[in-house]
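Here's a quick tour of side-chain contacts, from aromatic rings to charged pairs to cysteines. Have the viewer open and follow along.

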Amino acid sequence: MENNCAIINDKKAFRYRSAAIIVEEGCVLLARNDEDDYYYSVGGAVHMGETSEEAVKREVFEETGFNYEVDHLAVIHENFFIGSSGLKGVDFHELTFYYMMKPMGKRNFTSQSTTESGAKETMHWVPIDELDKCKAYPTFMKNYLRSKHNGVEHIITDERV
């Protein structure tokens with residue numbers, strides 16, 4: 001945690017993340033854990049001195065056990081939200097670089113990863129056509145995966161209410 005590019009105090013937080021968009025056979029790979037009631041992108045904090053591309057490769061390996069290759073930088077996401085679980089009520093400003101990863105044709109992962117708070121994390125292949133039926137973050141992913149893209153997209157989400 002001390003190597004993460006993050007600043008967290010009692011009520012406000014900033015963090016720099018790198019995340020993967022992995023699509024196989026019409027499904028996107030998302031993570032879940034024992035503490036939260038939603039799916040989320042595979043990825044995590046960028047460490048000090050690490051590039052976002054190095055971070056996404058490391059995080060994907062830690063969470064799946066496979067060395068996925070980066071295809072391209074797809075989205076720069078500025079995300080504003082109120083934290084949950086161990087960071088409940090914290091006002092977050094998060095900057096995430098989303099990388100489209102090259103498909104590998106693999107759908108079975110045996111890796112056992114955990115969140116920073118120690119919750120067991122599991123990988124799930126969610127059909128893109130069913131994303132709107134489940135609680136998943138980032139919320140832009142549902143529309144993003146259903147349309148064509150050129151270059152890097154900049155998306156801003158503000159879910160503070």
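## Rings first

Tyr38, Tyr40 and Tyr137 come together as one aromatic cluster. Bear in mind that this is a predicted model, so everything below is computed from its atoms.

Within that cluster, Tyr38 and Tyr137 make an edge-to-face aromatic pair, with 5.1 Å from centre to centre and 90° between the planes. Tyr38 sits in the loop between strand 4 (27–33) and strand 5 (39–45), while Tyr137 belongs to strand 10 (residues 136–137), so this pair ties together parts that are 99 residues apart in sequence. How buried or exposed are the two partners? Tyr38 has 17% relative accessibility and so counts as buried. Tyr137, at 30% relative accessibility, counts as partly exposed.

In total, the structure holds six aromatic pairs. Another one of them is Tyr16 with Phe97: the ring centres are 5.6 Å apart and the planes are at 70°, so this pair is edge-to-face. Tyr16 is part of strand 2 (residues 12–21) and Phe97 is part of strand 7 (residues 91–101), so the contact ties together parts that are 81 residues apart in sequence. Both Tyr16 and Phe97 are buried.

There's a charge over a ring as well: Arg32 lies over the face of Tyr39, 4.6 Å from the ring centre.

## Charged pairs

Side chains of opposite charge can pair when their charged atoms come close. How many salt bridges does a search of the whole structure find? It finds eleven. Here are some of them:

| Salt bridge | N to O distance |
|---|---|
| Glu94 and Arg15 | 2.5 Å |
| Arg58 and Glu62 | 3.3 Å |
| Lys102 and Glu69 | 3.5 Å |

Take the salt bridge of Glu94 and Arg15. This pair links distant parts of the chain, with Glu94 in strand 7, Arg15 in strand 2, and their positions 79 residues apart in sequence. Glu94 counts as buried because its relative accessibility is 5%. Arg15 has a relative accessible area of 24%, so Arg15 is partly exposed.

The salt bridge of Arg58 and Glu62 is a local affair. Both residues lie in helix 1 (residues 52–64), four residues apart, which is about one turn of the helix. Arg58 is buried, with a relative accessible area of 19%, and Glu62 is partly exposed, with 39%.

Then there's the salt bridge of Lys102 and Glu69. This pair also links distant parts of the chain: Lys102 is in the loop between strand 7 and strand 8 (113–114), Glu69 is in the loop between helix 1 and strand 6 (70–82), and they are 33 residues apart. Lys102 counts as partly exposed, at 35% relative accessibility.

Salt bridges also join up into a network, which links Lys12, Asp91, Asp158 and Arg160.

## And the cysteines?

How many disulfides does the structure hold? Zero. Cys134 is in no disulfide, and the nearest cysteine sulfur, that of Cys27, is 11 Å away. For a disulfide, the two sulfur atoms would have to be within 2.5 Å. Cys134 is buried, with a relative accessible area of 18%. Cys5 counts as buried too, at 17% relative accessibility.

Notes: Residues are numbered from 1 along each chain as its sequence is written. This is a predicted model: local features need pLDDT of at least 70, side-chain atom pairs count only at pLDDT 80 or more; totals for chains, interfaces and linings use all residues. Side-chain values use heavy atoms; hydrogens and water are left out. Rings of Phe, Tyr and Trp (its six-membered ring) pair if their centres lie within 6.5 Å; planes under 30 degrees apart count as stacked, over 60 as edge-to-face and the rest as tilted. Helices (H or I, at least four residues) and strands (E, at least two) are DSSP runs, numbered from the N terminus. Buried means under 20% relative accessible area, exposed over 50%, partly exposed in between (1.4 Å probe, protein chains only). A charge sits over a ring if NZ of Lys or CZ of Arg is within 6 Å of the ring centre and within 35 degrees of the ring normal. A salt bridge is a side-chain nitrogen of Lys or Arg within 4 Å of a carboxyl oxygen of Asp or Glu.
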